[in-house]
Amino acid sequence: MAATITTGLSAGLFYAYACSVMPGLRGTEDRTFIEVMQRINVAILNGWFLLGFVGALVTTAAAVALHLPADGHDVLPPLVAALVLYSASLVVTRAINIPLNDALAAAGEPGRIADPAAVRSRFEARWVRWNVARALLCTAALGCLCWALVLHGHAAD
């Protein structure tokens with residue numbers, strides 16, 4: 001259950017960015033876009049975010065480990081699939097989204113950026129594309145965890 005809940009939190013976060021935050025920022029002026037994303041990238045680094053983001057990996061790995069010696073091996077394939085899918089979302093985050101966030105931060109104070117349109121263009125489309133990938137990976141992982149819960153419930157009958 002903990003793996004399902006924490007993975008759902010991460011899937012929901014990336015989904016919310018994909019369907020509301022980024023479309024909402026799409027029409028803003030370049031400096032506004034940069035300032036808002038810089039602020040979000042600082043604000044999100046908190047314990048509540050980390051609880052879900054790291055918690056999903058830890059609890060899903062724990063679920064896999066707990067089912068290795070058990071008789072419920074029918075639950076193991078969706079658990080392993082969830083772990084692989086969620087891990088892939090972490091790879092995307094680490095390899096693409098975080099470096100883009102860092103580059104946006106390094107651009108400096110939005111009011112002092114000489115060419116904010118260039119800064120935005122190097123960030124926005126790529127970040128959005130890969131955020132959608134993270135949302136899909138996390139949602140697929142969540143689906144696998146839900147299926148594991150269904151199988152576990154049937155095994156208990």
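A pocket here means an open set of grid points, on a 1 Å grid over the protein atoms alone, where a 1.4 Å probe fits and protein lies on both sides within 12 Å along at least five of seven lines. With that settled, I'll go through two of them. Please keep in mind that this is a predicted model.

I'll start with the largest pocket. The space in it comes to about 380 Å³. Its lining is made up of 19 residues, and those closest to the centre are Asn41, Ile44, Leu45, Ile98 and Asn101. Five helices each give two or more residues to that lining: α1 (2-26), α2 (30-43), α3 (47-67), α4 (76-106) and α5 (116-156). Which of them gives the largest share? That is α4, with six residues. As for chemistry, twelve of the lining residues are nonpolar, five are polar and two are charged.

Now the second largest pocket. About 180 Å³ of space lies there. It is lined by 13 residues, and Met1, Ala63, His67, Leu79 and Leu149 are the closest to its centre. The elements supplying at least two lining residues each are α1, α3 and α5. Here the most comes from α5, which gives four residues. How many of the lining residues are nonpolar, polar and charged? The split is nine nonpolar and four polar, with no charged residues.

To put the two side by side: α4 gives the largest share of the lining in the largest pocket, while α5 gives the most in the second largest. Charged residues number two in the lining of the largest pocket, and there are none in that of the second largest.

Definitions and conventions: Residues are numbered from 1 along each chain as its sequence is written. This is a predicted model: local features need pLDDT of at least 70, side-chain atom pairs count only at pLDDT 80 or more; totals for chains, interfaces and linings use all residues. Side-chain values use heavy atoms; hydrogens and water are left out. On a 1 Å grid over the protein atoms alone, a cavity is a set of points where a 1.4 Å probe fits but cannot get out, and a pocket is an open set with protein on both sides within 12 Å along at least five of seven lines; lining residues have an atom within 4 Å of a point. Grid points are joined across faces, edges and corners, and a volume is the space filled by probe spheres set on the points. Ala, Val, Leu, Ile, Met, Phe, Trp, Tyr, Cys and Pro count as nonpolar, Asp, Glu, Lys and Arg as charged, and the others, Gly among them, as polar.
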